[in-house]
Amino acid sequence: MDEIQNEKVEQLVNYIMKWSLWQFNSREWDREKQNEEILKKTMQILCDEPVDNGTPEARYYWSEAMILSSDFKTNFEWISQMKKTEIKKLMEDLKNRIDYLTITGSLNAELKVKRY
Amino acid sequence: MPYHTFKCSKCIPERTKHAVIKGHGEDLTSCLPLGYLNTIPGSISERGCAFCGAKHVIGTPMKDVIHLCHGPVGCTYDTWQTKRYISDNDNFQFKYTFATDMKEKHIVFGSEKLLKESITEAFKAFPEINRMAIYQTCASALIGDDMDAVAQEVMNEMPDVDIFVCNSPGFAGPSQSGGHHKINIAWVNQKVGTVEPKITSDYVINYVGEYNIQGDQEVMTDYFKRMGIQVLSTFTGNGSYDDLRSMHKADLNVLECARSAEYICNELRERYGTPRMDIDGFGFKPLSESLLKVGLFFGLEEKAQKIIDEETARWKPELDWYARRLKGVKVCLWPGGSKLWHWANVIHEEMGVEVVSLYTKFGHQGDMEKGIARCGEGALAIDDPNELEGIEAMMELQPDVIFTGVRPGEVAKKLRVQYLNAHAYHNGPYKGYEGWVRFARDIYNAVYSPIHQLSGFDISKDEIDMDNGFVTKNIISDAEIDREASIANNEREYTGKYDCVTHLREKTY
Ligand code: SF4
């Protein structure tokens with residue numbers, strides 16, 4: 001990742017950490033799913049792609065993604081200047097970073113507990 | 001790892017891994033204390049027990065229920081009324097406390113008979129209440145009383161009554177959090193699905209992890225109802241026992257305090273497919289986005305936006321008045337569990353205060369993750385602090401005010417640090433737009449209290465300037481601010497009523 005991309009990712013990470021809660025469900029598998037679904041749908045909204053919100057579960061992820069994508073657009077004007085391929089790459093890098101901070105690099109010993 | 005060792009805890013080396021300082025460039029992969037572990041012997045913890053967590057945090061806010069503690073009277077009495085979880089039925093659950101009053105002889109000979117007598121006596125004394133929760137304690141657990149069998153026997157004999165059994169004795173976990181877990185699971189196992197509710201809207205939620213502290217639940221429920229949403233149950237503040245038995249019929253679980261109630265949301269998601277949506281009822285921006293998020297889920301975002309616009313227009317000038325005067329105020333954010341992350345960022349963003357430390361008495365590492373992610377650099381984060389560590393932190397950090405519980409709050413006062421009650425509030429509610437202004441007002445009143453300023457003088461030796469009269473809060477707070485800008489911005493002090501909750505009970509939607 002080049003430095004500019006890195007800087008952009010960090011800005012988005014910081015925003016999520018400060019204002020969102022969905023990335024901190026208590027178990028590893030739960031975090032994987034939350035990160036995957038919400039960031040995927042956020043990317044789809046930002047790229048004007050169709051988003052599945054047909055089931056209650058999908059609708060929940062979509063609601064989170066609607067808020068996040070709107071916040072991203074309001075707070076980081078540079079996103080609107082980006083091409084769709086660039087947004088996709090940005091969101092992929094963002095997802096990797098969030099996964100690292102909340103799952104693979106996390107120091108939270110409870111993440112691997114089998115039951116809730 | 002940026003661990004912090006307190007001087008006073010050098011003799012307890014295990015404590016080192018329970019405190020960290022968030023330094024420049026630190027993130028959650030390098031900066032996280034241990035959490036939710038048994039308190040280290042020798043460390044005088046401020047935690048409660050697992051019975052207390054089950055009964056006094058989660059069980060007792062249920063309003064139409066006799067809450068009977070099966071144990072020595074001290075277990076229930078000493079923790080009675082420590083939180084202000086009011087209700088709209090004249091605070092029944094709050095006014096009375098019930099215990100079987102176990103004595104030594106019951107330990108020797110058993111106390112199932114005593115339990116049965118107490119249950120029937122309590123139902124007879126309050127014939128209008130036919131729901132009961134009975135709570136195990138260390139004593140009744142250790143002698144092995146079969147509380148489920150006794151409850152079933154009574155229910156067989158008295159068909160109108162229903163009894164919930166909570167087996168969460170004091171030792172059932174490192175802290176009150178163990179009790180939160182136990183009662184969540186017990187409720188979903190025993191009671192959810194046993195009542196079929198009347199559905200009155202196409203949009204139905206359970207409001208979970210909300211305890212109606214000084215009316216929080218009633219304020220939030222008002223917003224949901226204005227959006228056309230049916231709040232089927234609240235787990236558990238101002239919540240009704242039978243409503244909570246029908247939690248399986250909601251479309252969405254809206255979760256406020258994940259620390260105490262994520263378990264039931266997770267179980268409902270697994271068993272009934274109901275999504276869990278975490279929200280923040282504190283602070284203008286988090287609250288607005290929470291309402292919008294719930295609105296989006298149901299396709300009611302326009303109604304949500306209308307409420308956001310109305311409430312923001314009404315209350316933002318008042319928040320701004322306080323924010324201008326609170327800028328730079330140093331805060332130790334020392335609550336029990338969830339408020340450390342609910343508040344860590346938004347009090348800085350919306351009121352300009354600086355969070356110099358956060359701690360949690362009973363939170364897990366997940367709570368610290370959220371708190372540390374949300375606080376600024378340099379903050380000292382402590383897990384399960386003992387009193388001496390709290391004192392050492394206050395001496396070093398010199399906060400203007402701490403947000404904490406009653407016990408550490410009293411210690412703070414002795415050090416001339418102002419304290420606000422983070423659990424039961426001072427002049428709440430603190431949720432909702434108006435509530436957030438009330439919180440700002442409480443912080444302002446604490447920090448700029450003239451009595452507090454005067455208490456710094458020792459009249460036996462300090463020189464007192466007798467010519468300078470008594471100063472008011474406004475004189476102190478406005479010395480350094482741009483008053484012209486404040487006036488031009490239409491900022492004003494809080495104009496709400498003393499009681500901003502009771503009128504909501506009369507409202508029709
Ligand atoms: S620890 Fe045991 S004895 Fe003490 S209050 Fe809790 S339940 Fe009662």
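**Exercise 1. Determine whether the two faces of E2(B) are buried or exposed, and which residues lie on each.**

Solution. In this predicted model, begin with one side of the strand, where B:Ile66, B:Leu68 and B:His70 are found, and then turn to the other side, which holds B:His67 and B:Cys69; these residues are all buried, and both faces of E2(B) are covered. Next, consider the strand as a whole: E2 of chain B spans residues 66–70, and five of its five residues are buried, so that the strand counts as mostly covered, given that buried stands for under 20% relative accessible area.

**Exercise 2. Find which strands pair with E2(B), and in which sense.**

Solution. The first step is to look at strand E4 of chain B, residues 131–136, which pairs with E2(B) in the parallel sense over five bridges; within this pairing, B:Leu68 has B:Ile134 of E4(B) opposite it. The next step is to look at strand E3 of chain B, residues 98–99, which is also joined to E2(B) in the parallel sense, here over two bridges, and in this case B:Cys69 faces B:Ala99 of E3(B).

**Exercise 3. Work out the order of the strands in the six-stranded open sheet of chain B, and which strands stand at its edges.**

Solution. Reading across the sheet, the order is E1-E12-E11-E10-E13-E14, and the pairing is mixed. Strand E1 (19–21) and strand E14 (418–421) of chain B each have a single partner strand and therefore stand at the edges, with one side of each left without a neighbour in the sheet. Neighbouring strands of this sheet are turned against each other by 15° on average, with direction ignored. For one pairing in detail, take strand E10 (residues 330–333) and strand E11 (residues 354–360) of chain B, which run parallel and are joined by four bridges; here B:Leu333 stands across from B:Leu358 in E11(B).

**Exercise 4. Establish how helices H12 and H19 of chain B are arranged.**

Solution. Start from the geometry: H12 (residues 284–298) and H19 (residues 432–447) of chain B pack at an angle of about 165°, and their axes are 10 Å apart. Since angles over 145 degrees count as roughly antiparallel, H12(B) and H19(B) are roughly antiparallel to each other. Finally, the crossing of these two helices, H12(B) and H19(B), is right-handed.

**Exercise 5. List which residues surround the ligand, and describe the shell by class.**

Solution. The surrounding residues are B:Cys49, B:Phe51, B:Cys75, B:Thr137, B:Cys138 and B:Gly170. Sorted by class, the shell around the ligand contains four nonpolar and two polar residues, and no charged ones.

Terms used
Residues numbered from 1 in each chain as written. Chains lettered and ligands numbered in written order. Predicted model: local features only at pLDDT ≥ 70, side-chain atom pairs only at ≥ 80, totals over all residues. Heavy atoms only, no water. Buried < 20%, exposed > 50% of the residue type's maximum accessible area, 1.4 Å probe, protein only. Pairing = 2+ DSSP bridges. Near = heavy atom within 4 Å. Nonpolar A, V, L, I, M, F, W, Y, C, P; charged D, E, K, R; others polar. Axes fitted to C-alpha atoms, helices over the stretch in contact; angles between N-to-C directions. Parallel < 35°, antiparallel > 145°, perpendicular 65-115°, else oblique. Left-handed = near helix turned anticlockwise from the far one by under 90°.
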